[in-house]
Every structure is written in structure tokens, then in C-alpha cells.
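Okay, quick one from me today. Let me put the sequence and the model up, and then I'll walk you through a few spots.

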Amino acid sequence: WALWDASIAWLNPPPPETVETDRVTSGLIVYYPITDISNGIIEDLSGIEPALDLTITGEGVEAIDGRNGIKITASSDIRTAEPPMRLYDAITATNEFTLEVLCAPASVTQSGPARIVSYSENPTSRNFTLGPQGTELHMRIRTSDSSISDNGLPESKALDVVTLDES
């Protein structure tokens, strides 16, 4: 997977402002434009302190030449050093969030879903996960609804137009 940009915003308060591209630009809880990973860190540039920087561990994360982004080529771990309570507090205060991720698959044969973005205590108790399953993009979200498991199942198909030119 290649990941260029990721941000999470809460919807109220304040109301999000958008730019011509309709990207959310205010009310960001975290923002990772992925401009430099040379120090093994992806900086949170939301402007909120303390920053929720991500630490990269593992050998499978590479910078993409000429672009702001990373290519994940092997099992790797990219996470905050401490639990991101700011994220939890903002989402639970409104029970709403917006997740925006710009990414492209290297393969459509991954199963799982393979995690692109996940906010979880561990692999089986997640708050939310966005990831591909074949050519579909799935979202798992844990809620207070008793019919939803702690793993966010059943999941929702977020998108089914993932295409890949393997030529």
C-alpha cells in the first residue's frame, strides 16, 4: 500500500471549512501529510499539542520518491507512542468523525481487511479500521450497538471501485 495523506476530523464543534477540493481543513484532530520519514517519524501537523506523531518500526516502510507518501512493502508497525486520548475524547464527545485517506493498493490480493488506518487497543478490539479486502474497501467501526462486535463486525463496504493496473 502507498499512503499519501491521512487526517481525522470531528464534525461539531467547530463546523469544518473546506477548500476547493472539498477537503476538511479545520477541526482536525490529527493530520499526517507524510512529508518526511527520514527520522522514522510521521509528524502530526494538526497544530494541536501535544502532537500525536507516529513512530515507524519495521523494515517495510519506504518514502516514495518525488511524492509526499510512503510505500509499505512488508509487515510494519506505525503508531503513536501513547494511546491517542485526544482522538477518543473528540470522537466520543460527538459520536461522529470523518476519516480521509489518500492511498493506492500495490495488490488486490490482500485479505483481512489489511489495515490502512486503524485505531484500536489490539487486533481484536478496534474502534475503527479502514482496509481493503480484494477489490473492495471495508470500514469496521465499533459502536455501542450490541449487534456490533468489539471488532467492528459486521463491517461496511466503504468502496468497491478499487482498480489496479498491474502492467
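**A walk through the model**

Let's start with threonine 35, which sits in the loop between strand 2 (28-32) and strand 3 (41-42). Before going on, the ground rules: this is a predicted model, where local features need pLDDT of at least 70 and side-chain atom pairs count only at pLDDT 80 or more, while totals for chains, interfaces and linings use all residues. Residues are numbered from 1 along each chain as its sequence is written, and side-chain values use heavy atoms, with hydrogens and water left out. Helices (H or I, at least four residues) and strands (E, at least two) are DSSP runs, numbered from the N terminus.

So, is threonine 35 buried, exposed or partly exposed? Its relative accessibility is 49%, so partly exposed; the cut-offs are under 20% relative accessible area for buried and over 50% for exposed, with partly exposed in between, using a 1.4 Å probe and protein chains only. Its C-alpha is 8.9 Å from that of alanine 63, which is 28 residues away along the chain.

Threonine 35 also turns up in a cavity lining. Pro33, Ile34, Thr35, Asp36, Ile41, Ile42, Glu43 and Leu45 line the second largest cavity, with a volume of about 30 Å³. There are two cavities of 30 Å³ or more. For the method people: on a 1 Å grid over the protein atoms alone, a cavity is a set of points where a 1.4 Å probe fits but cannot get out, a pocket is an open set with protein on both sides within 12 Å along at least five of seven lines, and lining residues have an atom within 4 Å of a point. Grid points are joined across faces, edges and corners, and the volume is the space filled by probe spheres set on them. The lining of this cavity splits into five nonpolar, one polar and two charged residues; nonpolar is Ala, Val, Leu, Ile, Met, Phe, Trp, Tyr, Cys and Pro, charged is Asp, Glu, Lys and Arg, and the others, Gly among them, are polar.

Next, helix 1, residues 85-94. Its buried residues are Arg86, Leu87, Ala90 and Ile91. They cover an arc of only 120° around the axis, taking directions from the axis to the C-beta atoms, so they're on the same side of helix 1. After the helix comes asparagine 95, with a positive phi near 55°.

What does arginine 86 reach with its side chain? The backbone oxygen of proline 50, at 2.5 Å. A polar atom of that side chain also lies 3.0 Å from the backbone oxygen of isoleucine 29. And arginine 86 is buried, at 17% relative accessible area.

Helix 1 also helps line the second largest pocket, about 300 Å³ of space. Of 13 lining residues, Ile91, Thr92, Asn95, Arg142 and Thr143 lie nearest its centre. Helix 1 gives the largest share, three residues.

Last, the strands. Strands 3, 4 and 7 make an open antiparallel sheet in the order 3-4-7, where pairing takes at least two DSSP bridges between two strands. Strand 4 (residues 54-57) and strand 7 share four bridges, one of them joining isoleucine 56 to isoleucine 78. Separately, strand 10 (residues 125-133) pairs antiparallel with strand 11 (residues 136-141) over six bridges. Those two form a hairpin with two residues between them, and glycine 134 in the turn has a positive phi of about 65°.

Conventions
A polar contact is a pair of N or O atoms within 3.5 Å; within protein, one must be able to donate a hydrogen and the other to accept it, and residues adjacent in sequence count only if both atoms are side-chain atoms.
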